[in-house]
Structures are given as structure tokens and as C-alpha cells.
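Here is a short briefing to read alongside the sequence and the 3D view. It moves from strand pairing to the core, then to the charged pairs and a patch on the surface.

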Amino acid sequence: MDFYGKVKEILDPVQGQGAKGLWVRRTIVLESFDNPENLIALDALNERCDKLETLQPGIAVKATFGIQSRKGEKGYFTTANLWDIQKL
């Protein structure tokens, strides 16, 4: 999926240890061009965190991402994972 908008916020990286080894996640929040209240938070994982280094709030971007849902102990949870992001 693609989302066109402006960078609202880039959160600090979070690191952890999983069954497959160390991981890093960084979340970027985007706002829609036509409705600033329409926000989407996308998670960049591991090497994709590097794609966020040159971005700052207010920059127009095109983000490509995928949505994934998994079943947990207390129900389902959904994540939106960043695949690519480009400045416009």
C-alpha cells in the first residue's frame, strides 16, 4: 500500500531481543495532505530504520507499507510495517 503525506513525528529507536536475535524498531507518524487529523504510524524494522535518518517533520513523502495481523494470547493485533519511503 502507498500513503502520501507529511512527516509529523519520528520516534526514537526501540531495541530488543527476540527468538531470531537482536531487532530495532523505529516508528514514523505521517499525516495526510488533505486531512491533518488522518494519521498513520508505520514501524521501520532493522535496516529499514536507516531510511528515516534524512527525514524530519514537515517533509512530504510517499510511504510504501504492508499490514500484518497476528493472533496473540488476548486476541489479534495488527502492525503496519514500512517497506520504503521517498521524499516528494
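Strands S1 and S3 run antiparallel and are joined by five bridges. Within this pairing, Gly5 has Ser32 of S3 as its bridge partner. Please keep in mind as you look around that this is a predicted model.

**Strand pairing**

- S1 also pairs with S5, in the antiparallel sense and over five bridges.
- Two residues let you find this pairing on screen: Phe3 stands opposite Ala63 in S5, and Gly5 stands opposite Val61 in S5.
- Gly5 is thus a handy landmark, with Ser32 as its bridge partner in S3 and Val61 opposite it in S5.
- S5 and S6 run antiparallel too, and 12 bridges join them.
- To locate the S5 and S6 pairing, look for Gln68, which stands opposite Thr79 in S6.
- The connection from S5 to S6 is a hairpin through two residues.

**The nonpolar core**

- The largest nonpolar core has 18 residues, and those touching the most other members are Ile28, Leu30, Leu42, Leu52, Leu55 and Ile85.
- Strands S1 (2-10), S3 (21-32), S4 (39-45), S5 (60-72) and S6 (75-87) are the elements that each give two or more residues to this core.
- Leu30 is a good residue to click on: leaving aside neighbours within four places in sequence, its contacts include Phe3 and Val7, Leu39, Ile40 and Leu42, and Val61 and Ala63.
- The contacts of Leu30 also take in Lys6, Lys8 and Asn38.

**Salt bridges**

- Side chains of opposite charge can pair when their charged atoms come close.
- The structure holds four salt bridges, and three of them are described here.
- Asp2 forms one with Lys62, with the closest N and O atoms 4.0 Å apart.
- Because Asp2 lies in strand S1 and Lys62 in strand S5, this pair ties together parts that are 60 residues apart in sequence.
- Asp2 counts as partly exposed at 43% relative accessibility, and Lys62 counts as partly exposed at 22%.
- Another salt bridge brings together the side chains of Lys6 and Glu31, at 3.6 Å from N to O.
- Lys6 sits in strand S1 and Glu31 in strand S3, so the pair links distant parts of the chain, 25 residues apart.- How buried or exposed are these two partners? Lys6 is partly exposed, with a relative accessible area of 33%, whereas Glu31 counts as buried at 13% relative accessibility, because buried means under 20%.
- Asp84 and Lys51 form a salt bridge as well, their closest N and O atoms being 3.2 Å apart.
- This pair links distant parts of the chain, with Asp84 in strand S6 and Lys51 in the loop between S4 and S5, 33 residues apart.
- Asp84 counts as partly exposed at 24% relative accessibility, and Lys51 is partly exposed with a relative accessible area of 33%.

**A nonpolar patch on the surface**

- Which residues form a nonpolar patch on the surface? They are Tyr4, Phe33 and Leu88, and together they have about 340 Å² of accessible area.
- Tyr4 has its place in strand S1, and at 43% relative accessibility Tyr4 counts as partly exposed.

Notes
Residues numbered from 1 in each chain as written. Predicted model: local features only at pLDDT ≥ 70, side-chain atom pairs only at ≥ 80, totals over all residues. Heavy atoms only, no water. Core = buried A, V, L, I, M, F, W, Y, C linked by side-chain atoms within 4.5 Å. Buried < 20%, exposed > 50% of the residue type's maximum accessible area, 1.4 Å probe, protein only. Helix = DSSP H or I, 4+ residues; strand = E, 2+ residues; numbered from the N terminus. Contact = heavy atoms within 4.5 Å. Pairing = 2+ DSSP bridges. Patch = residues over 30% accessible without salt bridge, like charges linked within 9 Å, V, L, I, M, F, W, Y side chains within 5 Å. Areas by Shrake-Rupley, 256 points an atom, 1.4 Å probe, with all protein chains shown as cover.
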